[in-house]
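Here's a quick tour of a structure you may want to keep open while you read. We'll start with the core, then move on to a sheet and a helix.

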Amino acid sequence: MKILVADDDPQLVRALRITLAAHGYDVVAAPDGAAAVALAAREHPDLVMLDLGMPHLDGLAVIAAIRGWSTVPIIVVSGRTGSADKVDALDAGADDYVTKPFQIDELLARLRALGRRGGAASEEPIVTFADVTIDLATKAVTKGGARVHLTPTEWRMLEFLARNPGSLVTRQTLLKEIWSSEQVSDSGYLRLYMSQLRKKLETDPTAPVHLLTEQGMGYRLVVDP
């Protein structure tokens, strides 16, 4: 079973890597919320374990983003002990909540329970809008039944938006997902690729209704305007 651990505490992540690996789990780790969303889309974990207080995107935003396309079990492991925090996390789509510090035996038991429940991390949904179909399994895009050729970068950008339909995807998240680096600055790259996607997929690229820009923040794929 593959577990995505998202926490900005490197010592805790290191300890969880060792402990979970010893119990047969495959662990991938993210140091912040943006990286967690990117890894969830790319790695298809069987279970997600995350903290609420992370940089770039907080835990609630990560849960909302993942729930836009997957029902993978999500367990929150957080130092926030207030009932309001627990309610917010569960309402956002988390399946369980454990407070820090925790007993490792209890955490492992909860992981086993969620693992038996199963999830949809391996789902490869087909996303449609207007006359466009995005098949995330075959990485194929059609418009009006005709195949649309996308460059690798255009595909990565569209794929990430399609895995989070309706959700705001920040520029920083896209830059990190596409170029796998926090050091890349925008410099107009995202606007250029979004313009190309609109020309290929929107009915009227000058007045897009599906591939939208959220000024100063990022982009959003709206499947049903």
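In this predicted model, the largest nonpolar core is built from 53 residues. L50, I134, V141, M157 and L201 have the most contacts inside that core. As background, nonpolar side chains in soluble globular proteins tend to be buried together.

**The cores**
- Helix α2, spanning residues 33-43, gives the most to the largest core, chipping in 7 residues.
- There's also a second, separate core of 18 residues, with V5, L12, V13 and L114 among them.
- Setting aside neighbours within four places in sequence, L50 touches A6, G59, V62, I63, I74, I75, V76 and V77.

**A three-stranded sheet**
- Look for an open sheet of 3 strands in the order β10-β12-β11, paired antiparallel.
- β10 (169-170) and β11 (211-214) are the edge strands, so to speak the outer rails, and each pairs on one side only.
- β10 is joined by 2 bridges to β12 (residues 218-221), and these two run antiparallel.
- V169 stands opposite Y219 of β12.

**Helix α6 and its glutamate**
- Helix α6 (residues 152-162) lies across β10, β11 and β12, and runs at about 65 degrees to β12.
- E154 is found in this helix, α6.
- Why does E154 count as buried? Its relative accessible area is 3%, and buried means under 20%.
- A polar atom of the E154 side chain lies 3.0 Å from the backbone nitrogen of T151.
- Beyond neighbours within four places in sequence, E154 is in contact with H149, Y193, Q196, L197 and K200.

Note on methods: Residues numbered from 1 in each chain as written. Predicted model: local features only at pLDDT ≥ 70, side-chain atom pairs only at ≥ 80, totals over all residues. Heavy atoms only, no water. Helix = DSSP H or I, 4+ residues; strand = E, 2+ residues; numbered from the N terminus. Contact = heavy atoms within 4.5 Å. Axes fitted to C-alpha atoms, helices over the stretch in contact; angles between N-to-C directions. Core = buried A, V, L, I, M, F, W, Y, C linked by side-chain atoms within 4.5 Å. Buried < 20%, exposed > 50% of the residue type's maximum accessible area, 1.4 Å probe, protein only. Polar contact = N/O pair within 3.5 Å; in protein donor to acceptor, adjacent residues only side chain to side chain.
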